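Dear colleague,

Please find the structure below, handed over for your review. My findings follow it.

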Amino acid sequence: MNARTFVIIKPDAYAAGQVGNVLTRYESAGMRILAMDLRKIEPEFADRHYSEHVGRDYYPGLRDFMTEGPLVAVVLEGEDAVGRVRALNGATDPAKAAAGTIRADFAESMGRNAVHASDSQASAEAEIDLWFPVL
Ligand SMILES: Nc1ncnc2c1ncn2[C@@H]1O[C@@H]2COP(=O)(O)O[C@H]2[C@H]1O
């Protein structure tokens, strides 16, 4: 069944010039881009997106990272989009990500891990509402 998910191509992948390569992974897997925007976000917006992580010991570093430069916010649509995009991304920690996944190929650490994707259909819809209120 077709579904939507939300992805961020994070500031490390943008700075490394890997936006096109990351998008190609999704498109080659049958995902269609429904919306896309290059943005630089404020710390307060990072807090809203990562509300479940605010207060964790790693969060100040995560907030600094997500606000250090431009990122690309993307809404994708396709068959089982949430699950398929998470599989394409690979494990959160690139050291544990399977060969051929986006994080194995483009991420350097758990903190600077190239991409974010929604972890459930409910979080996808909430994240799409936050980042693209008009969709
Ligand atoms: N232990 C950790 N140390 C550093 N960053 C973390 C840790 N756990 C989670 N994160 C980051 O928090 C992010 C939350 O969702 P993401 O999929 O964007 O990717 C995660 C990681 O980048």
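In the grouping used here, Ala, Val, Leu, Ile, Met, Phe, Trp, Tyr, Cys and Pro count as nonpolar, Asp, Glu, Lys and Arg as charged, and the others, Gly among them, as polar. By that grouping, the shell around the ligand comprises 4 nonpolar, 5 polar and 2 charged residues. The model is predicted: local features need pLDDT of at least 70 and side-chain atom pairs pLDDT 80 or more, while totals for chains, interfaces and linings use all residues. Residues are numbered from 1 along each chain as its sequence is written, and side-chain values use heavy atoms, with hydrogens and water left out.

The ligand is surrounded by K10, Y50, H53, Y58, L62, T92, R103, M110, G111, N113 and H116 (a heavy atom within 4 Å). Polar side-chain atoms lie at these distances from an oxygen atom of the ligand: 2.4 Å for Y50, 2.8 Å for K10 and 3.3 Å for R103. Taken alone, the ligand exposes 450 Å², of which the protein buries 77% (Shrake-Rupley method, 1.4 Å probe).

A separate site is Q18, placed in the loop between α1 (11-15) and α2 (19-28) (helices are DSSP runs of H or I, at least four residues, numbered from the N terminus). The side chain of Q18 makes a polar contact with that of N21 at 2.7 Å (a pair of N or O atoms within 3.5 Å, one able to donate a hydrogen and the other to accept it; residues adjacent in sequence count only if both atoms are side-chain atoms). Leaving aside residues up to four places away in sequence, Q18 touches A13 and F106 (heavy atoms within 4.5 Å).

With kind regards

Definitions and conventions: Helices (H or I, at least four residues) and strands (E, at least two) are DSSP runs, numbered from the N terminus.
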